[in-house]
Amino acid sequence: MNRPPITDQQMALLEQRLAGAGLGRRQFLQIAAGIAAMGAAGWNATPVAAAPKLAPGEKLAKDQTLRLGGGGWWQSDPSSHDYNKDLYCSGVPALWAGLMKFNADFQAVPYVASKVTSNKDGSVWTFEIRKDSRWSDGTACTAHSFEWSFKRQLDPATAAPYASFLYDIKNGEAFNKKKITDPKEVGVKAKSDWVLEVTLEGPRGYFPALAAYLAALPAHQPSVEKHKEKWTEAANLVCNGPFTLEKWDRGKEMVLKKNPHFFGAKDVTLERVIIPIIPVASGALPYENNEIQLTALQSGDLRRLQSGPNGKEVFRYPFPGTWYLLPQVTKAPFDNVKVRRAVSQAIDRENVVKVSQGFAFPAHSMIPPGFPGAIDTPKIRAIQKFDPKAALAHLKGTPFEGGKNWPKITLSMRDEALGAKPLAEAVQAVLLESINMKTDLEVLEQRVFRERLWKNELQFVWIRWFMDYPDPHNEYFDTFYGKKTTGRRQAWVNDAFDRELELGRDTRDTKKRMEHYAKAEEIMQTDVGYVPVAWVSRYAAAKPTVRGFEKNKQGEQVVDGNIYFDMMTKLYMVEKG
Amino acid sequence: MRDAIRRLRRNKLAMVGFVVVMILAFLAIFADFIAPYSYTKTNFGRLNEPPSRDYPLGTDQIGRDMLSRMIYGARVSMLVGLGAQVIVVALGVPIGAISGFFGGRTDLLLSRFIDVMYAFPRLLFVILVMSMLGAGLMNIFIAIGLTGWVGIARQTRAQVLAIKEKEFVDGARAMGAGLGRVLIKHVLPNALTPIVVAVTFGIPEAIFTEAALSFIGVGINPPTPSWGQMVGEGQQYLRSYWHLCVFPAIAIAVTMLAFTFFGDGVRDALDPKQK
């Protein structure tokens, strides 16, 4: 099939859609990356087969029950499981199946749809629906179901907070804003039970990626009409995903049961999934007490678990990210490049990361090792190498010679998960130790932080960037490009740096591209636009009886997040020993 | 007055409280000489260590001496306790006194204002003020002071209302003393007892409020240590490194108890009828 081209204008529209749904630029970029990485099969790439591949000696357990949670997963009750109305309901996505889904590499692939085609310019999309698509009560989940679901989200009477997610659909916005009242004019139409035609406001080559996102999951019409807002209670819920909701004890636990009517049921091995509601402060305790078999880990527990008898259960999962410092070049004393250089060589990275208890390792550039564009040359390593003598030498001739006369310096960071603050405090400590720079650490509420950051108001910032997709364009252009008009984190601008990024973007040859980015990194570090400090690691733990995690192209096991949420269909339990 | 002091000295619990408070005050004032290390001195080779000979209370997440940080934390607590009370008294006593003494429309307006302020949930209001002012010791004084004066204002008003009807007040007026003079020279000194009691109870309350603020991260900024902040950061590591949060939590509890015992003693001593 020929995929219609996706123009830059269309990508801008896509971003607007996602922003309207409350999604950040990060999610947009993740989805955009998936689109960019699509192979020749386009939207119709075949999903990976899911049947468990047992290792020799392994035996499927009789009891296919998985208990998961903790470490930040479901720390409180979802408001509902109605993703069709509210994509931030924080319900269980495994109850649902959309037309498309994202695979472990963030690419959209068909799911309830069996085939996706479009007209030439991508303004009309046709989804052929699997004929074995069923609701959990056994009735057919047809094109009509999706037509109704999309219209329900757009219907002003539903008051879906993120309805703008579907504004690409013809007349979707007008219907949602009550400019037209006849739902028949909305561009979603079931041509037959098994063919859904979506007419858009214009060419939208990315539409199938939207159809894979949480907000495009369907809702069951008879249940919604009968039970109103109580339709996702366990007693009422009819869904179309790999699992059904057997029980939902508020504040206690949710129990999922395999859905025998799910079209992919034969590839789903788990019979039951139990999700206890566990506050993040409980740490790994429930996991260690065998109350759960799969959990995310926080920094307070990692070392203890890793060094314990069951250390092998801990695994790292993909979460490439970089912690760095932003000295604001418009604010004293950082307007002086000598001060910035002193700071950059005053950071004892080896020691700072010790504080993270394994959730960080020393960084000498933006891109973590193992990812495209990662740089490990003596030249780059030397620029901001820890060297307190050199740091003090940079201060010669400045008003701060010998580490004296520092003005009041406030280091700002955002209030976030455990482990960020001790790192920042360690940075404070080494700055004091190396160049006698006293700093006050200010932890700002998320929204306040972002607003002040984007106004470039903060004097000195402790911040991280989590990679959205494995390409240096994301790590440099999306973060540091000087001509960005929105969401710029720093006042620092450098024309030579920008030029390298533009060349990197426009060059096809991979080797040459990477040379441009390496040059950019060198420029940025020499001018101290930022100070890389640490790369991020994330960990989860699974009992040896839990198997079947999908691996991404980098070979790491992936776990559910807001884009990929296909984990539970892949997992299976094996007998002990 | 001598009577009161004798009663206070006979109260054993109150004296224990007093001694603890004095020790804390001593630690706070001479922290620079007593603490074995600077509160910023890190040892990256020895993170999260349990108590040992080098570090009697262990080290924290970035290898700082817990004992030294606790001693400096006492300074923050004592400063907050006293500093906030200064603002509380400076606001609460005049407002209460004026309201009670002048009565009429003035009293109506001020009393209603006091009622409105009283209706705010205290801690939430403090958090609101802190988020407007930003973290820092001075701002904690202000935030606690701005929200804490209401109780003292009510107490003062009630006392002034009762005292201004007494004969000696009429006598002073008859002698030709002005209203202001009567209020300051004759009424207020006689209303002092409940104010002193309110202040002794206000100190632990302020200390606890600071601990709560720092616990949730809007109080004292690192690296300056505060007990509440230490508990807040340490509680996430309770399972792995218990000492991070247990010692500062004990310090807060002991301080609160000491002030409360002492405050109880002061109240009983000054006003034996209430016992």
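Guide: Before we look at anything, one term is needed: a crossing of two helices is left-handed if the near helix is turned anticlockwise from the far one by less than a right angle, and right-handed if clockwise. Please also keep in mind that this is a predicted model.

Visitor: OK, so which way does H4(B) pass H12(B)?

Guide: The crossing of H4(B) with H12(B) is right-handed. Helix H4 covers residues 66-102 of chain B and helix H12 covers residues 243-270 of chain B, and their axes come within 11 Å and cross at roughly 35°.

Visitor: Which residues make the contact there?

Guide: On the H4(B) side they are Met66(B), Met70(B), Gly73(B) and Ser77(B), while H12(B) brings His243(B), Phe247(B), Pro248(B), Ala251(B) and Thr255(B). Sorted by class, the contact of H4(B) with H12(B) has 5 nonpolar and 4 polar residues, and no charged ones.

Visitor: And H10(B) with H11(B), how do their axes lie?

Guide: The axes of helix H10 (residues 192-216) and helix H11 (residues 227-234), both of chain B, come within 7 Å and cross at roughly 35°, and this crossing is right-handed. Among the residues in the contact are Leu213(B) and Phe215(B) of H10(B), together with Trp227(B) and Val231(B) of H11(B). By class, the residues of this contact divide into 7 nonpolar, 4 polar and 1 charged.

Visitor: Switching to chain A, what's the order of the strands in the open sheet of 3?

Guide: The order is S11-S19-S12 in chain A, and the pairing is antiparallel. Strand S11 (294-296) and strand S12 (314-317) stand at the edges with a single partner strand each, so one side of each is left without a neighbour in the sheet. Neighbouring strands of this sheet are turned by 30° against each other on average, with direction ignored.

Visitor: How many bridges join S11(A) and S19?

Guide: S11(A) pairs with strand S19 (residues 538-542) of chain A over 3 bridges, in the antiparallel sense. Thr295(A), for instance, has Ala541(A) in S19(A) as its bridge partner.

Visitor: Last one: is Glu575(A) buried or exposed?

Guide: Glu575(A) counts as exposed because it has 12 C-beta neighbours inside 10 Å, and the cut-off for exposed is 12 or fewer. Along chain A, Glu575(A) lies in the segment after strand S21 (572-573).

Visitor: What does Glu575(A) touch, leaving aside its neighbours within four places in sequence?

Guide: With those neighbours left aside, Glu575(A) is in contact with Lys59(A) and Ala61(A). The C-alpha atoms of Glu575(A) and Ala61(A) are separated by 4.5 Å, although the two residues are 514 residues apart along the chain.

Definitions and conventions:
Residues numbered from 1 in each chain as written. Chains lettered and ligands numbered in written order. Predicted model: local features only at pLDDT ≥ 70, side-chain atom pairs only at ≥ 80, totals over all residues. Helix = DSSP H or I, 4+ residues; strand = E, 2+ residues; numbered from the N terminus. Buried ≥ 20, exposed ≤ 12 C-beta atoms within 10 Å, placed from the backbone. Contact = placed C-beta atoms within 7 Å. Axes fitted to C-alpha atoms, helices over the stretch in contact; angles between N-to-C directions. Nonpolar A, V, L, I, M, F, W, Y, C, P; charged D, E, K, R; others polar. Pairing = 2+ DSSP bridges.
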